[in-house]
Amino acid sequence: MATNVIRKISIGSDYKNEAMHYAVGQQVYGGHIISDILFQDEDDSYNIYIKKHDEILPWKKFNSNMAISVEYDLEY
């Protein structure tokens, strides 16, 4: 999986109260860790990948029609 500069993505129009927040390194879904958050130009989507042991799997995909806030990693 390619390294990227997206550190965190928030989905939802009410950032503080109702948005879902996903960050690289966050533990999710039964012991998996978010390994990458990537933007795909082909379909204007954000894709979240999770890792457990040495296996990386696609987990969630959000299209750009949703309210999305992106936080970039400043240590790239």
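1. Strands, as the word is used here, are DSSP runs of at least two residues marked E, and they are numbered from the N terminus. With that in mind, this predicted model has a chain whose secondary structure comes to seven strands and zero helices, so that reading along the sequence gives the pattern β-β-β-β-β-β-β.

2. On overall form, the radius of gyration of the chain is 12 Å, which is close to the 11 Å that the globule rule gives for 76 residues, and the chain is therefore as compact as a globular protein of that length. Taken along the principal axes, a box of roughly 35 × 30 × 25 Å holds the C-alpha atoms.

3. On burial and contacts, 29% of the 76 residues count as buried, while the chain exposes about 5,300 Å², of which carbon and sulfur atoms supply 47%. If one takes the contacts between residues at least 6 apart in sequence, 37% of them join residues at least 24 apart.

4. On charge, the chain carries 12 negative and 7 positive side chains, and the centres of these two sets lie 7 Å apart.

5. One residue may serve as a worked example: where does Tyr-15 lie? Tyr-15 is found in the loop between β1 (6-11) and β2 (20-23), and it is partly exposed, because its relative accessible area of 37% falls between the cut-offs of 20% for buried and 50% for exposed.

6. Leaving aside residues up to four places away in sequence, Tyr-15 touches Lys-8, Ser-10, His-21 and Ser-69. The C-alpha atom of Tyr-15 is separated by 17 Å from that of Asn-63, a residue 48 residues apart from it along the chain.

Technical notes:
Residues numbered from 1 in each chain as written. Predicted model: local features only at pLDDT ≥ 70, side-chain atom pairs only at ≥ 80, totals over all residues. Heavy atoms only, no water. Helix = DSSP H or I, 4+ residues; strand = E, 2+ residues; numbered from the N terminus. Rg over C-alpha atoms; globule rule 2.2 N^0.38 Å. Buried < 20%, exposed > 50% of the residue type's maximum accessible area, 1.4 Å probe, protein only. Contact = heavy atoms within 4.5 Å. Areas by Shrake-Rupley, 256 points an atom, 1.4 Å probe, with all protein chains shown as cover. Lys, Arg positive; Asp, Glu negative; His and termini not counted. Charge placed at Lys NZ, Arg CZ, Asp CG, Glu CD.
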